[in-house]
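Subject: Structure for your review

Dear colleague,

Please find below the sequence and the structure that I am handing over to you. I would be grateful if you could read the notes with the coordinates open beside them.

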Amino acid sequence: MTTLRRRIWTHLAAWILAGLFSANITVAAADLQIYTDSLSGWSDYSWDSTRNLASASPTHAGAASLAVTINAAWGALYLNANAPVSTSSYSQLQFWVHGGSAGNQKLRLVANGAQSVDFTPTAGAWKQISIPLAALGSPGALTTLYWQDTSGTPQPVFYLDDIVLVAGPTLPPGTGPALTIDVSADRHGISDDIYGVNQVQDEALATQLRLPVRRWGGNSTTRYNWQNDTTNTAGDLYFENIPNDNPNPAALPDGSASDKFVEQDKRTGTKSLITVPIIGWVAKRRTPGHPYDCAFKGVEIWRAAVH
């Protein structure tokens, strides 16, 4: 190499390094191995499962994989870090899984006993699972990882291999790409329906607000009988009937609370969002009380079989 070329390459290298440091980029660490042929810095504290930490077949890479059979509901392969592992230099957890001859096991990976991500192995093939640490709650350190049954039943053998924390470039706090917002782009109107309210009774207030939507709903309306203007408390309070105040019950179903609700909305120009009971049970009679004898098949409403 000539002296001129050497000088050019020296200056170019200096410019590149200067650009890196001026951009304030931190060079990422190497990937951290958790299992590759054997556990590294982690111990097996599993429950309700059978493990082979050195299964000769199948393997994704190297000489061994980790075989796991779940023997009981919610059993797991549980790995405990010998010392907390800082995640500051890593961006994701990655592993390969093989479903054995059966496949389709229902599993989840749980980090630090909290955040989890579900996954399903494939029969007869290796599949890579890459989970961003953000999906695991962005833990500052990892202390435990477990691969757990989610079906509530035993699971046939599956295999894990090449479990690693993947290194990623990190940026100091406050740095990152410049963001701009164009408030004039792709604008559209907001639906008036999102400004509705639930069960407001004050007609003057609804008129003043020019209320777009009003909702007749809530727990009690699930068992509301519009023919006798009565709801039922169900298991919340001994299945008791609660009749609405009504000056002329003999005229029902005319003049029911639901009728008055819609009529008010018509006067105030408000849309009505009405809950229609379809669970099969509603208040049977208008008489208050009658614990455990106050609900009947909703289909009987349409047969006018109200007592």
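The notes below set out what was found, beginning with the overall picture and moving on to individual sites.

Please bear in mind that this is a predicted model. The average pLDDT of the protein is 83, and 82% of the residues reach at least 70. Two stretches call for caution. Residues 14-18 have a pLDDT below 50, and in the model this stretch has zero contacts beyond near neighbours in sequence. Residues 20-28 also fall below 50, but for this stretch the model has 11 contacts beyond near neighbours in sequence. Where pLDDT is low, the predicted coordinates should not be read in detail.

Overall architecture

The protein contains 18 strands and three helices. Of its 307 residues, 33% count as buried. Among contacts with a separation of 6 or more, 69% are between residues 24 or more positions apart. The exposed area of the protein is about 17,800 Å², of which carbon and sulfur atoms supply 57%.

The nonpolar core

Which residues touch the most other members of the largest nonpolar core? They are F95, L109, L145, W147 and L160, in a core of 31 residues. Two or more residues each are given to this core by strand 1 (32-35), strand 4 (65-70), strand 5 (76-86), strand 6 (90-98), strand 7 (107-111), strand 9 (126-132), strand 10 (141-149) and strand 11 (155-167). Strand 11 provides the largest share, with five residues. L109 illustrates the packing: leaving out residues up to four places away in sequence, its contacts include F95, L145 and W147, together with L93, V117, F119 and I131.

Salt bridges

The count of salt bridges comes to four, and three of them are described here.

D265 and R214 form one of these, with their closest N and O atoms 2.7 Å apart. Because D265 lies in helix 3 (residues 257-268) and R214 in strand 13 (residues 213-216), the pair ties together parts that are 51 residues apart in sequence. Both D265 and R214 are buried.

A second salt bridge joins the side chains of D193 and K271, at 3.2 Å from N to O. D193 is in the loop between strand 11 and strand 12, and K271 is in strand 16 (residues 271-274), so this pair ties together parts that are 78 residues apart in sequence. D193 counts as partly exposed, at 38% relative accessibility.

A third links the side chains of R51 and D44, at 3.0 Å from N to O. R51 is partly exposed, with a relative accessible area of 30%, and D44 is likewise partly exposed, at 24%.

The loop between strand 11 and strand 12

Besides D193, this loop holds I194 and D186. I194 makes a nonpolar surface patch of about 350 Å² with I190 and Y195. I194 is itself exposed, with a relative accessible area of 58%. D186 has a phi near 50°, a positive value in a residue other than glycine. At 76% relative accessibility, D186 counts as exposed.

Strand 3 and the loops around strand 4

S55 lies in strand 3 (residues 49-55) and is buried, with a relative accessible area of 7%. Apart from neighbours within four places in sequence, S55 is in contact with A63, A64, S65, A67 and Y159. The C-alpha atoms of S55 and D37 are 8.7 Å apart in space, and the two residues are 18 positions apart in sequence.

In the loop between strand 3 and strand 4 lies P58. The peptide bond joining S57 and P58 is cis, with omega about -5°. The loop between strand 4 and strand 5 contains W74, which has a positive phi of about 65° although it is not a glycine. W74 is partly exposed, with a relative accessible area of 46%.

A further cis peptide bond

Where else does a cis peptide bond occur, and what is its omega? The bond from L252 to P253 is cis, with omega near 15°. P253 is found in the loop between strand 15 (241-243) and helix 3, the helix that also carries D265.

With kind regards

Methods
Residues numbered from 1 in each chain as written. Predicted model: local features only at pLDDT ≥ 70, side-chain atom pairs only at ≥ 80, totals over all residues. Heavy atoms only, no water. Core = buried A, V, L, I, M, F, W, Y, C linked by side-chain atoms within 4.5 Å. Buried < 20%, exposed > 50% of the residue type's maximum accessible area, 1.4 Å probe, protein only. Helix = DSSP H or I, 4+ residues; strand = E, 2+ residues; numbered from the N terminus. Contact = heavy atoms within 4.5 Å. Areas by Shrake-Rupley, 256 points an atom, 1.4 Å probe, with all protein chains shown as cover. Patch = residues over 30% accessible without salt bridge, like charges linked within 9 Å, V, L, I, M, F, W, Y side chains within 5 Å. pLDDT = per-residue confidence, 0-100.
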